[in-house]
Amino acid sequence: MGAVPFSIHARDVTVRYPNGVVALDGISLDIQAGEMVSVVGLSGSGKSSLIRTINGLVPISSGTLEVGGRHLESLRARELRALRGDIGMIFQGFNLATRASVLNNVLVGRLAHTPTWRTFLGVYRAEDRQIAYEALERVGILGKVWDRASTLSGGQQQRVAIARALSQQPRLVLADEPVASLDPPTAHGVMSDLRRINRDLGITVITNLHLVDLARQYGTRLIGLRAGQVVYDGAVADASDAVFENIYGRSIENRDVLGT
Amino acid sequence: MSALDLPPRPRGRWKPLVAIGVILVITAITLSPQVGISFSFDAIVRNWQNGASKIFALVQPDWSFFPRTIPPLLETLAMAVIATFVASLVSLPLSLWAARLTNPNRWTRGIVRTLLNIVRSIPDLLYASVLVAMVGVGALPGIVALLLFNIGIIVKMVSENIEANDAGPLEAGRAAGGTQFQINRVIATADALPAFVNQTLYVLELNVRASTVLGLVGAGGLGLLIDAVRTFYRYDQLSLIILEILVVVIVIDNASDAIRRRLV
């Protein structure tokens, strides 16, 4: 791969939705290239908005956000697409085209690098298909390459989604509650995949989580959000139960841990 | 004995009753002599025998008429197939254009939708009449009339299906840096395919039936023959034509099922 992973620099980023809800309230952050960051908070704390702001799915209302050396607030549509081409995204609901084959879903990750006429005719370059096969191999489901996505289990679908992100040859991977729809063993498998992407490929990975034990086990750095503000930013190792209780604004309960 | 802590009843329990009331009021209005249509049952009592003789002729099909029905029947089928094929080619991109999820641009979406509303609001018989006047009697005006009629139906149904589909996969395409065109081609089309296939097959069946009506104004197919035998009160021949249409519709229906099972 060889490309330099992305760093992120946010200064006083505020996101206000058209309905008036302030999702992010003056956030300032620096995430270095190659970090593995867990973003923790209750639902509605703004962690999903934060991740969607980083790849421009949600526009910034004020402040500046620099991703991979480019300022998101001033990008034109074409430049934004090019930037997104370098940022893989993984969703809670997998977001696969369930009627399409696994291969075609993974090839979605090549869209930003594929001319429109090739997409229109459905003829992908041999090297793009090769990249897709290798991405599926990396998450261990190459055997399903010709299957229809809807025939796969939840864990397998999330692996296809990770392969889709990997086939972008990303410099940053954003994961929005990637294991919230999965059972505990599968959840650990998917989190291990994300950690390997970070360790083996050196890609910056930012993962939204609401479970305390997963954040502790798989991240090196923890960012806690509450009501759209950063209430904790430090090493996971230093994050005691008290820290989590401050992030959640209540005591830690059973439902805040995945268990095994 | 302690009182149960029953949560308050959900509101809107009266909605079904209100809906039924509205339907009854509308029905009453349409039946009232001042506003609604006028009809009387006396006419049925007076005239039922006229209809009975026609029905008597209809249940005795004139089988010897069969050879003469073949060329127009084939013409009807050809018109239906050609119109369905061309309509399906045109309708898929138009459907993507007409749906909000696949075309965020309010203006182009509005233009496409308005044009299609106009296309849909004009009856197919009127298209056929105007086209017969323009290009002459024959299959061509029939095909064009069916085509317009079909595009209106397919685009309406498929674009509504796209709106109802999950937006998540499209968002994944956007997050991967795809253009709207690429996202529509790769993701939205795959998701909309079942609805598209269903509507196209349905329209094929509609066309076989519609082309019989279009023939009345000179737009080719079985309709021309129907018009001819009806003029001479040959209800025995008419019933043979109706039987043939029934057979074709049943064949298409079964073929559609088979295709759907394989494709969808």
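Two strands count as paired if DSSP finds at least two bridges between them, and I begin with that definition because the first part of this talk depends on it. The model you have in front of you is a predicted one, and I will take chain A before chain B.

In chain A, strand β6 and strand β7, the latter covering residues 172-176, run parallel to each other and are joined by four bridges. Two of the residue pairs can be picked out by name: A:G88 has A:V173 of β7(A) as its bridge partner, and A:I90 is matched in β7(A) with A:A175.

These two strands belong to an open sheet of six strands in chain A, with the order β6-β7-β8-β3-β9-β10 and mixed pairing. The edges of that sheet are β6 (87-90) and β10 (229-235) of chain A, and since each of them has a single partner strand, one side of each is left without a neighbour in the sheet. From one strand to the next, the twist averages 15 degrees.

Let me stay with β7(A), and ask how covered its residues are. Five of its five residues are buried, so to speak of this strand as mostly covered is fair. As a general matter, the side chains of a regular strand alternate between the two faces of the sheet. In β7(A), A:L172, A:L174 and A:D176 lie on one side and A:V173 and A:A175 on the other, and all of them are buried, with both faces of the strand covered.

There is also a helix to place here, namely α6 of chain A, residues 154-166, which lies across β6 and β7 of chain A and runs at about 170 degrees to β6(A).

Moving along the sheet, β7(A) is joined by five bridges to strand β8 of chain A, residues 204-209, and the two run parallel. One of the residue pairs between them is A:L174 with A:I206 of β8(A). Together with helix α7 of chain A, residues 184-201, the strands β7(A) and β8(A) make a right-handed β-α-β unit.

I turn now to chain B, whose secondary structure comes to 10 helices and zero strands. The radius of gyration of chain B is 25 Å, well over the 18 Å that the globule rule gives for 264 residues, and therefore this chain is more spread out than a compact globule. Taken along the principal axes, the box that its C-alpha atoms fill is roughly 70 × 60 × 40 Å. As for burial, 35% of the 264 residues of chain B count as buried, while among its contacts with a separation of 6 or more, 73% are between residues 24 or more positions apart.

As a single example from this chain, consider helix α9 of chain B, residues 222-231, where the buried residues are B:L222, B:G223, B:L224, B:L225, B:I226 and B:V229. What covers them includes α3 (66-98), α8 (180-214) and α10 (235-263) of chain B. After α9(B) comes B:Y233, which has a positive phi, near 55 degrees.

Finally, how do the two chains meet, and how many residues of each are in contact? On the chain B side there are 19 residues, in contact with 23 residues of chain A. Helices α7 (168-175) and α8 of chain B each supply at least two residues of the side that touches chain A, and the largest share, eight residues, comes from α8(B). By class, that side of chain B has nine nonpolar, six polar and four charged residues.

Terms used
Residues numbered from 1 in each chain as written. Chains lettered and ligands numbered in written order. Predicted model: local features only at pLDDT ≥ 70, side-chain atom pairs only at ≥ 80, totals over all residues. Axes fitted to C-alpha atoms, helices over the stretch in contact; angles between N-to-C directions. Contact = placed C-beta atoms within 7 Å. Buried ≥ 20, exposed ≤ 12 C-beta atoms within 10 Å, placed from the backbone. Right-handed = clockwise from strand over helix to strand, strands pointing away. Rg over C-alpha atoms; globule rule 2.2 N^0.38 Å. Nonpolar A, V, L, I, M, F, W, Y, C, P; charged D, E, K, R; others polar.
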